[in-house]
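Colleague: Please take a close look at a single part of this model and walk me through its surroundings, with the cut-offs behind each term.

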Amino acid sequence: LGFTPAVGPAPDPELAAAVVWLDAFTLNVDRTPRNPNLLVWHKRLYGIDHGAALYVQHRWGDLAREPAHARRPFPQVRDHVLLPFAGSIVEADARLAPQVTDGLLGRLVDAVPAAWLDGERAFAAVDDNRAAYVDYLRARLVAPRAFAEEAERARTGA
């Protein structure tokens, strides 16, 4: 069933914080109360449809002119459907960020079919496009992480 905050069950605060952190890291603008993109199956929460994440792929040319983009906060996190259930985003950040290694990013980007990356005008080759994703995500992980700080501010109302 689709996740409905009013119906429950309430997600575990640590899990909710992890999902908020991941969505802020990947710039997922599409996990709001109106469209949570979460399923509950046997009382377990599953994130689905990450198609709105990493919207930067639609503006690689602009990013070349704005290299600090990756370091920006993610103000849209304030609309995240799990934010009211989330535990500390600071703790989630400390737990999760070290797990996102260059090796992990490389494996994830390598799993994207070349056909999905081919033809991007900003890059001469598919491998250049893959490298851009890794570089962008690596830059988002440099401490301090503005996206995590923004998420914690949104969570606490500070």
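Modeller: A residue is called buried under 20% relative accessible area, exposed over 50% and partly exposed in between, with a 1.4 Å probe and protein chains only. The model is predicted, so local features need pLDDT of at least 70 and side-chain atom pairs count only at pLDDT 80 or more, while totals for chains, interfaces and linings use all residues. Residues are numbered from 1 along each chain as its sequence is written, and side-chain values use heavy atoms, with hydrogens and water left out.

The part I have chosen is helix 3, residues 89–96, where helices are DSSP runs of H or I with at least four residues, strands are runs of E with at least two, and both are numbered from the N terminus. Ala94 lies in this helix and is exposed, with a relative accessible area of 54%; its C-alpha atom is separated by 17 Å from that of Arg71, 23 residues apart along the chain. Asp93 is also found in helix 3, but at 12% relative accessibility Asp93 counts as buried.

The side chain of Asp93 is joined to that of Arg145 by a polar contact of 2.6 Å, the term standing for a pair of N or O atoms within 3.5 Å of which, within protein, one must be able to donate a hydrogen and the other to accept it, residues adjacent in sequence counting only if both atoms are side-chain atoms. Leaving aside residues up to four places away in sequence, Asp93 touches Trp21, Pro98, Arg145 and Ala148, contact meaning heavy atoms within 4.5 Å.

The axes of helix 3 and helix 7 (residues 146–156) come within 8 Å and cross at roughly 150°; axes are lines fitted to C-alpha atoms, for helices over the stretch in contact, and angles run from 0 to 180 degrees between N-to-C directions. Helix 3 and helix 7 are therefore roughly antiparallel to each other, a label for angles over 145 degrees. Ile89, Val90 and Asp93 of helix 3 make this contact with Ala148, Ala151, Glu152 and Arg155 of helix 7.

Ile89 touches, beyond four places in sequence, Ala17, Val20, Trp21, Ala148, Ala151, Glu152 and Arg155. Ile89 is also among the residues that touch the most other members of the largest nonpolar core, which has 43 residues; such a core is a set of buried Ala, Val, Leu, Ile, Met, Phe, Trp, Tyr and Cys residues joined through side-chain atoms within 4.5 Å. Helix 3 and helix 7 are among the elements that give two or more residues to this core, and helix 1 gives the most, with eight.

Terms used: Parallel < 35°, antiparallel > 145°, perpendicular 65-115°, else oblique.
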